[in-house]
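Reader: I should like a close look at a single part of this model, namely one helix-helix packing and the residues that take part in it. Please begin with the geometry of that packing and then place it within the chain as a whole.

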Amino acid sequence: MATKYFQPTSLTWWSGVAMIAEGLILLAAQIVPSLAPLAAMIRPATGGMGPMILINGGLAAIGIKGAIISASK
């Protein structure tokens with residue numbers, strides 16, 4: 001059963017989840033030194049965006065997708 005915001009068949013939903021995960025890894029890398037190599041790979045892939053921008057962008061992508069779904073019904 002899919003809800004308004006949980007759409008695992010949507011590419012927009014997966015891109016939002018990926019952005020949130022990348023932001024959380026960047027945040028965690030500031031506390032956990034063993035995540036630094038992973039964060040070093042994520043930074044260039046995201047254009048050097050900060051973790052808060054990535055998390056906020058991911059939440060916005062998921063939210064906009066949910067709003068489009070509910071508006072089309």
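Author: The crossing of α1 and α3 is left-handed. In this predicted model, the two helices pack with their axes 7 Å apart and at an angle of about 160°. An angle over 145 degrees counts as roughly antiparallel, and α1 is therefore roughly antiparallel to α3.

On the side of α1, the contact is made by Thr12, Trp13, Gly16, Val17, Met19, Ile20, Glu22, Gly23, Leu24, Leu26 and Leu27. On the side of α3, the residues that make the contact are Pro51, Met52, Leu54, Ile55, Gly57, Gly58, Leu59, Ala61, Ile62 and Lys65.

Two residues of α1 from this list may be examined individually, beginning with Thr12. Thr12 is placed in helix α1 and counts as partly exposed, at 34% relative accessibility. When neighbours within four places in sequence are left aside, Thr12 is in contact with Ala61 and Lys65; both of these partners appear among the α3 residues of the helix contact. Gly58 is also in the α3 list, and the C-alpha atoms of Thr12 and Gly58 are separated by 9.2 Å, although their positions lie 46 residues apart along the chain when counted as a sequence separation.

The second is Leu26, which likewise has its place in helix α1. Leu26 has a relative accessible area of 3%; buried means under 20%, so Leu26 is buried. Not counting residues up to four places away in sequence, Leu26 touches Ala39, Ile42, Arg43, Met49, Pro51 and Leu54. Of these partners, Pro51 and Leu54 are named in the α3 side of the helix contact, whereas Ala39, Ile42 and Arg43 are named in α2. Leu26 thus takes part in the packing of α1 with α3 and also in the meeting of α1 with α2.That second meeting deserves a description of its own. Helix α1 covers residues 11–29 and helix α2 covers residues 36–45. Their axes come within 9 Å and cross at roughly 135°, and α1 and α2 are therefore oblique to each other. The crossing of α1 and α2 is left-handed, as is the crossing of α1 and α3. From α1, the participants are Glu22, Ile25, Leu26 and Ala29; they meet Ala36, Leu38, Ala39, Ile42 and Arg43 in α2. The C-alpha atoms of Leu26 and Leu38, 12 residues apart along the chain, are separated by 8.4 Å.

Glu22, like Leu26, is named both in the contact of α1 with α3 and in that of α1 with α2. Glu22 is also touched by Thr46, a residue in the loop between α2 and α3, the latter helix comprising residues 51–71. Thr46 is buried, with a relative accessible area of 10%. Residues up to four places away in sequence not being counted, Thr46 touches Leu54 in addition to Glu22. Leu54 is in turn one of the α3 residues in the contact with α1 and one of the partners of Leu26.

Two further positions extend the view of α1 and its surroundings. Ser15 is placed in helix α1 and is partly exposed, with a relative accessible area of 35%. The C-alpha atoms of Ser15 and Gly66 are 14 Å from each other, and the two residues are 51 apart along the chain. Gln7 lies in the segment before α1 and is buried, with a relative accessible area of 16%. Gln7 and Met52 are 45 residues apart in sequence, and their C-alpha atoms are 23 Å apart in space.

It remains to place these contacts within the whole chain. The secondary structure comes to 3 helices and 0 strands, which follow the pattern α-α-α along the sequence. Among contacts between residues at least 6 apart in sequence, 68% join residues at least 24 apart. The chain has a radius of gyration of 14 Å, whereas a compact globule of 73 residues would have one near 11 Å. Taken along the principal axes, the C-alpha atoms fill a box of roughly 45 × 25 × 15 Å. Of the 73 residues, 26% count as buried, Leu26, Thr46 and Gln7 being buried residues described above. The accessible surface comes to about 4,800 Å², and carbon and sulfur atoms account for 73% of this area.

Key
Residues are numbered from 1 along each chain as its sequence is written. This is a predicted model: local features need pLDDT of at least 70, side-chain atom pairs count only at pLDDT 80 or more; totals for chains, interfaces and linings use all residues. Side-chain values use heavy atoms; hydrogens and water are left out. Helices (H or I, at least four residues) and strands (E, at least two) are DSSP runs, numbered from the N terminus. The radius of gyration is taken over C-alpha atoms; the globule rule is 2.2 Å times the number of residues to the power 0.38. Buried means under 20% relative accessible area, exposed over 50%, partly exposed in between (1.4 Å probe, protein chains only). Contact means heavy atoms within 4.5 Å. Accessible areas come from the Shrake-Rupley method with a 1.4 Å probe; for residues, only the protein chains shown count as cover. Axes are lines fitted to C-alpha atoms, for helices over the stretch in contact, and angles run from 0 to 180 degrees between N-to-C directions. Angles under 35 degrees count as roughly parallel, over 145 as roughly antiparallel, 65 to 115 as roughly perpendicular and the rest as oblique. A crossing is left-handed if the near helix is turned anticlockwise from the far one by less than a right angle, and right-handed if clockwise.
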